Amino acid sequence: MNTPSSPSAPAPEHRLPPGFALHASGADGSQEYFLNMGPQHPSTHGVLKLVVRLDGETVVEVVPHLGFIHRAIEKMGESETYVQYLHLTDRMDYLSSHINNLGVCMAIEKAMGIGVPERGEYIRVMVSELQRIQSHLLWWGAFGMDLGAVTAFLYGFKEREKITALFEDLCGARLTMNYFRPGGSNADVPENFIPRVLEIVEEMKFTLDEFNALLSANPITISRTQGVGALSRERAISYGCSGPVARASGVNFDVRRHAPYSIYDRFEFDVPLGQNGDCYDRYRVRMEEMRQSVRILEQAAASFPEGPHRAKEKPVYKLPAGSYFSSVETARGMFGTYIVSDGGLKPYRIKSRSPNLSNLAPIAEMAAGGKIADLVAILSTLDIIVPDIDR
Amino acid sequence: MIDKSAEFSLPPGLVPPQSGLLQPVDWIVGWARANSLWPLVFGTSCCAIEMMATGASDNDWARFGLEVARASPRQADLIILAGTITEKMGSRLVTLHEQMPGPKYVIAMGACTISGGPFYYDNYSVVKGADRLIPVDVYIPGCPPRPEALLYGVMQLQKLIRAGGWRNSIVHRPVNVSPITDPMAETLKEWEVIEAKKQEEMKEAKERFKLENPDYKGVVIKRIVAPKYDEVAPTPRPERGLAQAEIFANLSERFPSLRVHALPEKSAEKVADNVAEVATETSVEKPIETVTEKITAMGREYVLDVAVEPADYLPLIRHLRDDTDLQLDYLIELTAIDWKDRYDVVVHLLSTDKGHKVFVRCALPHVEAPEIESLSSLFAGANWHEREAYDFFGIRFTGHPDLRRLFLEDDFPGHPLRKDFEYPERVVKRPY
């Protein structure tokens with residue numbers, strides 16, 4: 001790290017690490033120093049590196065460094081067929097892998113004019129919502145652990161395993177699913193799918209009450225999160241934030257409402273909004289989102305139709321020349337797929353719009369002026385997945 | 001002492017040696033060390049979630065004496081490499097390994113850390129096996145491996161440690177220095193030899209069978225019939241907000257040079273055959289009335305895709321953002337396309353209030369350092385998107401406050417998403 005040799009001498013401007021904008025304050029008694037957080041750090045949720053400029057314990061400036069898990073997915077996509085690209089999206093935001101798959105499938109369907117049968121659409125919605133709950137459960141556990149409550153981690157994972165087991169029966173995988181295909185899904189759901197979903201739904205109602213009792217009104221949670229890391233509505237839009245991060249700041253933006261895909265327009269659900277955009281609002285929005293997902297699952301399970309789970313499979317997916325865009329709402333926000341096709345078997349350019357990249361961008365504004373412990377709470381409630389940022 | 005006559009007996013590794021002076025000490029040290037592993041908190045990607053699941057309530061790795069995961073390498077003696085190792089992370093991983101006090105052990109969890117896994121081919125950033133950087137003791141295949149597999153891997157490591165005792169525990173083990181090759185091509189070559197041998201043996205066997213069973217008529221093979229599915233008509237999904245023709249009318253008033261990018265072909269039959277044809281595709285240049293009619297004919301599912309001259313680029317985006325009717329206040333993404341003879345900078349905008357989208361593209365000459373104005377004064381989020389486009393395509397955004405590479409190392413040679421990018425030292429081309 002570029003620390004000056006003498007601690008009393010203010011860092012000259014040219015010695016500032018890259019990305020820092022502020023000049024050395026030079027005020028008497030200022031004790032500014034730089035601290036490296038990551039790339040190996042338990043609360044950065046992966047290999048994210050934050051260079052923090054601190055004055056005592058107060059954060060002056062934060063500069064994130066990305067790319068420690070940049071895996072060249074977009075370059076690889078140019079030499080794989082469209083269906084082969086699906087498995088790479090699993091590994092981007094691995095806690096929303098079903099929904100990422102869905103985004104790519106929708107772009108292919110849009111380009112080739114493929115429809116999805118009724119049962120296939122229901123499977124898509126139900127699996128997406130299960131995935132959302134599963135992802136939020138993991139976030140809840142990790143959030144508790146970041147604030148020092150290991151109990152939450154164990155409780156969150158215990159509930160999550162039930163949904164993971166269901167996914168395993170569905171597609172054989174616990175994490176990297178690769179289940180959806182253009183025109184439906186890889187396989188039909190197992191026979192006991194609906195009873196098991198209903199069982200999970202009933203348990204979730206009880207579990208969410210339990211979780212709320214455990215952590216939501218906990219004085220430590222509240223004092224660590226309320227008024228911490230506030231993001232205004234205007235800044236959230238300007239940064240392109242999406243998902244719970246944007247909604248906690250009062251941006252009424254949910255792709256399921258804004259540009260309803262699959263059959264989301266048939267179900268009743270609310271889009272929970274926050275007012276202050278602080279860590280506590282982000283926490284509350286996610287907790288409420290799980291309830292709304294439960295609502296959607298209940299409605300879908302009540303009218304789950306019989307019939308084929310997929311449309312006719314094409315031997316080869318060859319997209320007409322042109323560019324195609326699709327967007328879905330993952331557990332973290334808007335996941336966009338932009339395909340540029342030259343009419344060949346493989347995409348000419350394929351770009352995935354990651355929600356996490358935009359959600360992490362305002363961290364410098366959110367953390368400035370707070371304590372370094374608040375930075376951990378902010379990172380935790382942003383719920384970032386680093387491989388999705390780096391791709 | 002173990003009673004040999006008893007029906008139950010411990011497996012050999014768990015029985016303390018009965019002779020010698022140092023052997024029992026070895027055994028005790030090995031036993032203690034194997035059952036008090038201190039793993040480092042090191043997860044880079046997907047496998048980390050399975051590692052967390054292994055530590056959580058259902059699988060509970062505390063049963064095997066390794067629940068004390070440490071965040072500092074100085075307190076740990078085991079790295080579970082959970083997730084892909086990239087070149088940028090590589091030097092940090094070596095540092096972490098060096099910071100651990102010996103004896104130290106490494107488990108490679110998942111396909112990426114074994115060989116690069118799904119990221120082996122056409123990849124300029126992933127290390128092809130973590131054992132090229134640090135010595136690895138146990139490999140666990142899977143993508144990701146299940147928690148049970150990780151527990152099995154840990155038990156294998158414990159077996160190794162118990163066998164090793166204390167005397168040979170701090171050994172400098174070599175790392176993998178074999179040249180990076182194309183395993184697919186090598187395997188195919190090996191297969192050819194095996195296949196030829198197999199064919200020969202089959203031929204012999206068939207002849208022998210014919211001689212032994214002259215009356216054999218053969219069997220009818222019943223194939224499993226795959227279920228047939230019908231084609232389904234796509235559901236129309238109209239775009240929300242303002243009609244695309246309305247948006248175009250608004251824009252063409254102020255920006256007469258604006259053109260609509262080639263309207264996508266609706267029929268799948270008209271598929272372009274090669275890249276060159278597409279690369280030279282020109283935008284539609286017709287009187288506005290016809291273009292508006294054409295846009296209206298595309299229906300409500302079509303999203304307006306306009307091509308703008310570099311001079312009008314920033315004013316157009318500013319107008320799109322600030323116009324009271326349009327209100328395109330949300331930057332979905334900013335990226336680029338390399339068309340081999342030009343670069344297209346592509347900007348996707350959305351109105352959070354009304355819901356309509358507009359795609360803007362701006363062609364730049366295909367030179368080493370193409371330049372365009374930065375949008376970071378309009379959208380705070382454009383900062384990182386532009387840094388990404390600079391990193392991948394080498395497009396310079398003038399007026400950008402901090403134009404550095406976003407993902408790759410500063411000394412990375414070239415811009416990887418350019419079509420003419422080559423990096424033979426790292427990239428193995430996909431053989432199929």
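Let me begin with a sheet in chain B, an open one of 5 strands in the order β5-β6-β9-β8-β7, whose pairing is mixed; here strands (E, at least two residues) and helices (H or I, at least four) are DSSP runs numbered from the N terminus, and two strands count as paired if DSSP finds at least two bridges between them. At the edges stand β5 (259–260) and β7 of chain B, each with a single partner strand, so one side of each is left without a neighbour in the sheet. Further in, β8 (residues 342–350) and β9 (residues 357–365) of chain B are paired antiparallel over 9 bridges, and one pair you can look for is B:His348 with its bridge partner B:Phe359 in β9(B).

Before I go on, please keep in mind that this is a predicted model, in which local features need pLDDT of at least 70 and side-chain atom pairs count only at pLDDT 80 or more, while totals for chains, interfaces and linings use all residues. Residues are numbered from 1 along each chain as its sequence is written, and chains are lettered from A and ligands numbered from 1 in the order in which they are written.

Now to the two chains in turn. Chain B has 11 helices and 11 strands, and of its 432 residues 35% count as buried, where buried means 20 or more other C-beta atoms within 10 Å of the residue's own, exposed means 12 or fewer, and partly exposed lies in between, with C-beta atoms placed from the backbone. Chain A has 15 helices and 8 strands, and 59% of its 391 residues count as buried. The C-alpha trace of chain A spans about 75 × 50 × 35 Å along its principal axes. Its radius of gyration is 22 Å, which agrees with the value near 21 Å of a compact globule with 391 residues; the radius is taken over C-alpha atoms, and the globule rule is 2.2 Å times the number of residues to the power 0.38.

How do strands β6 and β7 of chain A run where 9 bridges join them? Strand β6 (residues 322–330) runs antiparallel to β7(A), a hairpin of 2 residues connects the two, and A:Thr330 has A:Gly333 as its bridge partner in β7(A). Strand β7 (residues 333–341) of chain A is mostly covered, since 9 of its 9 residues are buried. It also pairs in the antiparallel sense with β8 (residues 349–353) of chain A, over 5 bridges, and there A:Val340 stands opposite A:Arg349.

Helix α14 of chain A is worth a stop as well. Of its 11 residues 9 are buried, so α14(A) is largely enclosed by the rest of the structure; among the buried ones are A:Asp374, A:Ile378 and A:Leu382. After the helix comes A:Asp383, with a positive phi near 55°, and this residue sits in the loop between α14 (372–382) and α15 (386–390) of chain A. A:Asp383 counts as buried because it has 27 C-beta neighbours inside 10 Å.

Chain B has a residue of this kind too. B:Gln327, which is not glycine, has a positive phi near 50° and lies in the loop between α10 (310–322) and β7 (330–338) of chain B. Is B:Gln327 buried or partly exposed? With 19 other C-beta atoms within 10 Å, B:Gln327 is partly exposed. Elsewhere in chain B, the peptide bond from B:Cys143 to B:Pro144 is cis, with omega near -5°, and B:Pro144 is found in the loop between β4 (138–140) and α5 (147–164).

Finally, the interior and the interface. The largest nonpolar core, meaning buried Ala, Val, Leu, Ile, Met, Phe, Trp, Tyr and Cys residues joined through C-beta atoms within 7 Å, has 211 residues, and A:Ile378 and B:Ile107 are among those that touch the most other members. Helix α4 (residues 118–146) of chain A gives the largest share of this core, 13 residues.

As for the interface, 70 residues of chain A are in contact with 71 residues of chain B, contact meaning that the C-beta atoms, placed from the backbone, lie within 7 Å. On the side of chain A that touches chain B, the largest share, 5 residues, comes from helix α5 (residues 150–171) of chain A.

Methods:
Contact = placed C-beta atoms within 7 Å.
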